[in-house]
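Please open the model in your viewer and keep the sequence panel beside it. The tour below goes from one selection to the next and says what is to be found at each stop.

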Amino acid sequence: MKIANSQISAVELITAALAKAKKYSDYNIFVTLFEKEALENKKAALIKAVNDTYFNAETGDYADNVQGANAFAVDLGLGDERTLTRTVEFYTDLGMYDTGIFGTDILTRLLFEKGYAPLAVELLSNNKMFSFGNLRLQGATSLWEYWTGRRSHSHPMFGAVTAYLFRYILGIR
């Protein structure tokens with residue numbers, strides 16, 4: 001798009017950009033400055049609401065780090081330096097997962113990405129109660145829906161972490 005006149009108005013520029021976006025059938029590539037500011041304000045309000053509701057300023061934990069809550073927060077860019085530290089300390093001490101389908105995935109990826117691969121491998125390979133090793137010891141030949149064996153014994157619930165075996169352990173990307 002050529003701009004012949006440097007006196008082009010903001011409205012004309014926005015209209016031209018929208019027309020170009022529509023031409024390429026990609027409505028998401030253009031966000032006006034006003035929309036961007038509104039989205040940033042909404043994001044700030046949501047972050048404040050989450051922090052006001054779940055963040056413990058004394059410990060750095062979110063929702064008492066129940067079922068990997070700190071990992072979710074760190075993955076979203078929330079918390080402070082203590083939030084990741086407390087996550088690592090908690091799972092080092094626990095030595096097994098206490099997470100469900102999403103927390104197991106997020107926690108494992110986060111540990112690999114933040115430089116705690118040995119802990120991620122420990123969680124993936126131990127035989128404690130809530131672990132893949134324990135499923136194997138119980139005779140599992142597939143992934144179960146719950147760590148405890150409740151419900152389905154052929155379920156992809158915890159399968160997302162297998163990608164990290166390739167990506168972070170084998171280096172295949």
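What follows is a walk through salt bridges, a loop and a helix face.

Before selecting anything, bear in mind that this is a predicted model, and that a search of the whole structure finds 6 salt bridges; the tour visits some of them.

**First stop: D61 and R86**

Select D61, which is found in the loop between α2 and α3, and then add R86, which belongs to helix α4 (residues 81-94). These two residues form a salt bridge in which the closest N and O atoms are 2.6 Å apart, and the pair links distant parts of the chain, the partners being 25 residues apart. The two ends of the bridge can be compared by their accessibility: D61 has a relative accessible area of 7% and is buried, whereas R86, at 34%, is partly exposed. Because buried means under 20% relative accessible area, D61 at 7% falls in that class.

Now display the surroundings of D61. Leaving aside residues up to four places away in sequence, D61 touches Y54, F55, N56, N70 and R86.

**Second stop: F55**

From that list of contacts, select F55, which lies in the loop between α2 and α3. With a relative accessible area of 23%, F55 is partly exposed. If you ask for its contacts, again not counting residues up to four places away in sequence, you will find V50, G60, D61, Y62, G79, D80, R82 and T83. Draw a distance from the C-alpha of F55 to that of G79: the two residues are 24 residues apart in sequence, and the C-alpha atoms are 7.5 Å apart in space.

**Third stop: D75, R109 and E113**

Which residues are linked with R109 in a network of salt bridges? Select D75, R109 and E113 together, since these are the members of the network, and take its two bridges in turn.

In one bridge, the side chains of R109 and D75 meet at 2.8 Å, N to O. R109 lies in helix α5 (residues 101-113) and D75 in helix α3, so this pair ties together parts that are 34 residues apart in sequence. In the other bridge, the side chains of E113 and R109 meet at 3.2 Å, N to O; here both residues lie in helix α5, 4 residues apart, which is about one turn of the helix.

Colouring the three residues by accessibility adds to the picture: R109 counts as buried at 16% relative accessibility, while D75 is partly exposed at 32% and E113 is partly exposed at 43%.

**Last stop: helix α6**

Finally, select helix α6 (residues 117-125) and show the side chains of L119, A120, L123 and L124, which are its buried residues. Turn the view until you look down the axis of α6: the buried residues fall within an arc of 135°, so they line one face of the helix. To see what covers these buried residues, bring other helices into view, including α4, α5, α7 (132-137) and α8 (162-170). Two of the helices named here have already appeared on the tour, for R86 is in α4 and R109 is in α5.

Conventions. Residues are numbered from 1 along each chain as its sequence is written. This is a predicted model: local features need pLDDT of at least 70, side-chain atom pairs count only at pLDDT 80 or more; totals for chains, interfaces and linings use all residues. Side-chain values use heavy atoms; hydrogens and water are left out. A salt bridge is a side-chain nitrogen of Lys or Arg within 4 Å of a carboxyl oxygen of Asp or Glu. Buried means under 20% relative accessible area, exposed over 50%, partly exposed in between (1.4 Å probe, protein chains only). The arc is that of the directions from the helix axis to the C-beta atoms. Contact means heavy atoms within 4.5 Å.
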